[in-house]
Amino acid sequence: MAATVKLVDIAKTIRSKNAKSFHLTVDIFFKERPVYERVKASGAITRERVSTLYPGLELTEFVWFDPGCAVKATFRRPRPVGGPGDTDVFGCQQHAPLYRIELPASVLAGD
Amino acid sequence: MEELVAVSTTGSLGWVPCGELSFRGALARGPSYIGAQHGSSDCGPLYLGAQVPYTLRKWEKHDLELMLTAGRELGIPVIVGGAGGMGTRKGVDRTVELVREIARERGLHFRMAVIYADQDPEYLKDKLRAGAITPLGIRTPVTKDEIDRATTVVAMMGVEPLIAALERGAEVVIAGRCTDPAIYAAIPIWKGYDPGLAWYLGKVLECGSLSAEPPSLTDANTGRIRPDHVVFEPGDPKRRATVASVASHTLYERGNPWRQLEPGGVLDLADLTLEAVSERAVCARGARFVPRSYTVKLEGAARVGFRAFAINGTRDPIMIAEIDSVAAGLKAEIETRMPGAGRDYQVFVHLYGKNAIMGDLEPVTQTAAHELCIMVQAVAKTEELAIEVAEMANHLLFDFPFEGLKTTAGNVASFGSVEVFLPQYKEVYEFMIDHEMRLDDPLECFALHIEEV
């Protein structure tokens, strides 16, 4: 059985936030570049994987950002910011599903 | 060496009183100018639509007083962008009044430029007819009707109106809606520095020390721009700029960090490099500004109703187990008893402790909570109707039936009273306009006034 680690245990920062008024963006940052590089190569974090954590939302961007050891996904907001029924004006409490992403434990150390 | 030092006082003027220690620390770096952003659409459309502030006057005065006093002592420009909250005319006028008040009290004198960002509806309709307004955040074309329905429409200015103010000798610039980085990019661009580095400087400084470790929205930060690089170092000696913290802010609130749209071009970070140059300073190189057609973002909000809340709690495990049927049943019962659902009013039942924050996106289906908050949000055409809907929710919940009910003395705990809760501002707004407008001249829609204070 392949050992796995949870993203929440190895990422430096996991967050969500509005990106302007009609998008919600999620960011994942890693502490160490080698770990980041292995995560990126592992295929455990993909456009599809992140998308499944936000069912029904249209994913508009998925980018790796090497200078910051980060990966970002952006979605259309489920409802417009601050309109009727919105309960997260800043969009800053939509990140928790990302904690669940599991990665092969090998991302922590090289071969 | 040729350089300019930018001080970002705070990431949000008057959000809370800004950190004075960090501001003093920033001033010790030999600043060339002092800036702060006030405006943000991040708090929702209310502040644009209703033209109300989201910060306390007292705290805004605290921050402005520090900036103006330091600016006059050092003889350097002070720039506030998005004044008054969302940079509407009313907001700008509130901030301008505060600036005059501080000047009187402190015996300060300066030349002030006031730049408005509000747009005349007829001008917008001309632009629309000319095909100069295209979708941005809102994907459908704007209509004349939406232009008329918006209580006000602002355009986000770039660096050019700020530079025009400085060229006329302004020592204090109070600008309406403005892109946040422009506040810090204006002077370096005016002085001939690389626009890519200048815009990147603005991006990293826009939110005060939020780009530092530990982050703080309301503590001062500095950026030292030279011909081929920028060095960031926060004002508070307890905070550090690190490669990770600066990179982190580069992604902040952006859909795609590699290409960030600004008036007149794109901040292209494909060749960005970040390097620690001390324990608490980071050097950035390689940011490029790629010109494109000159556009500004338009924002407009229209009132869609009034809001009222019913807030109650349950500690009953049986009710908690049945809460989804209670929530759906309550909504249905209100809609049966009160005609006009969907047309005159909307009911939202938010279950705090279960899924109020993520709604349909919530992956946890079974709550482990032993108590829940049931918040009913009523949004209606009139304030009276919103109160009526919330009151109905309050009273129905008290003895709302559900499967397995044991208690017959009351289903929910009310705190303090059984009244309906009304927010400070009851109006609900929605962004109707979030579009891009092409300009022939970057100054054409921003009115600039000069005043001797």
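In strand β5(A), Thr74(A) is the bridge partner of Glu61(A). Keep in mind as you look around that this is a predicted model. A second pair to find in β5(A) is Val71(A), the bridge partner of Trp64(A). Both pairs belong to the pairing of β4(A) with β5(A), which runs in the antiparallel sense over 6 bridges. The two strands make a hairpin with 4 residues between them. In that turn sits Cys69(A), with a positive phi of about 50°.

Zoom out a little and you'll see where the hairpin belongs. An open sheet of 4 strands in chain A has the order β2-β3-β5-β4, and its pairing is antiparallel. The edges are β2 and β4 of chain A, each of which pairs on one side only. If you ignore direction, neighbouring strands of this sheet are turned by 10° against each other on average.

**Where the chains meet**

Now for the contact between the two chains. Chain A brings 37 residues to it, and chain B brings 42 residues. On the chain A side, β2 (11-19), β3 (23-30), β4 (59-65) and β5 (70-76) each supply at least two residues. The largest share of that side comes from β2(A), with 5 residues. Sort the chain A side by residue type and you get 15 nonpolar, 15 polar and 7 charged.

**A look at chain B**

Chain B contains 13 helices and 19 strands. Its radius of gyration is 25 Å, close to the 22 Å that the globule rule gives for 453 residues, so chain B is as compact as a globular protein of that length. Measure out the C-alpha trace along its principal axes and it spans about 80 × 55 × 50 Å. Of the 453 residues in chain B, 54% count as buried. Among the contacts in this chain with a separation of 6 or more, 77% join residues 24 or more positions apart.

What about the inside? The largest nonpolar core has 161 residues. Those with the most contacts inside this core are Val173(B), Ile174(B), Leu201(B) and Val389(B). Strand β15 (residues 295-314) of chain B gives the most to the core, with 9 residues. Ile174(B) is a good place to start exploring. Leaving aside residues up to four places away in sequence, Ile174(B) touches Val80(B), Ala83(B), Val92(B), Thr95(B), Val96(B), Val99(B), Met112(B) and Val114(B).

Helix α7 (residues 159-167) of chain B is another one to look for. This helix is mostly covered, with 8 of its 9 residues buried. The buried ones are Val159(B), Glu160(B), Pro161(B), Leu162(B), Ile163(B), Ala164(B), Ala165(B) and Leu166(B). What lies over them? The cover includes β3 (78-81), β4 (111-116), β7 (172-175), α8 (180-190) and β19 (447-452) of chain B. After α7(B) comes Gly169(B), whose phi is positive, near 85°.

**Backbone oddities**

A few spots in the backbone are worth a visit too. Here are two residues other than glycine that have a positive phi.

| Residue | Phi | Place | Other C-beta atoms within 10 Å |
|---|---|---|---|
| Lys20(A) | near 60° | loop between β2 and β3 of chain A | 21 |
| Glu253(B) | near 60° | loop between α10 (243-251) and β10 (259-262) of chain B | 20 |

Are these two residues buried or exposed? Lys20(A) is buried, because 21 other C-beta atoms lie within 10 Å and the cut-off for buried is 20 or more. Glu253(B) has 20 such atoms, so Glu253(B) is buried as well.

One last stop is a peptide bond in chain B. Which form does the bond from Glu213(B) to Pro214(B) take? This bond is cis, with omega near -15°. You'll find Pro214(B) in the loop between α9 (195-205) and β8 (221-226) of chain B.

Conventions: Residues numbered from 1 in each chain as written. Chains lettered and ligands numbered in written order. Predicted model: local features only at pLDDT ≥ 70, side-chain atom pairs only at ≥ 80, totals over all residues. Contact = placed C-beta atoms within 7 Å. Nonpolar A, V, L, I, M, F, W, Y, C, P; charged D, E, K, R; others polar. Pairing = 2+ DSSP bridges. Buried ≥ 20, exposed ≤ 12 C-beta atoms within 10 Å, placed from the backbone. Rg over C-alpha atoms; globule rule 2.2 N^0.38 Å. Core = buried A, V, L, I, M, F, W, Y, C linked by C-beta atoms within 7 Å. Axes fitted to C-alpha atoms, helices over the stretch in contact; angles between N-to-C directions.
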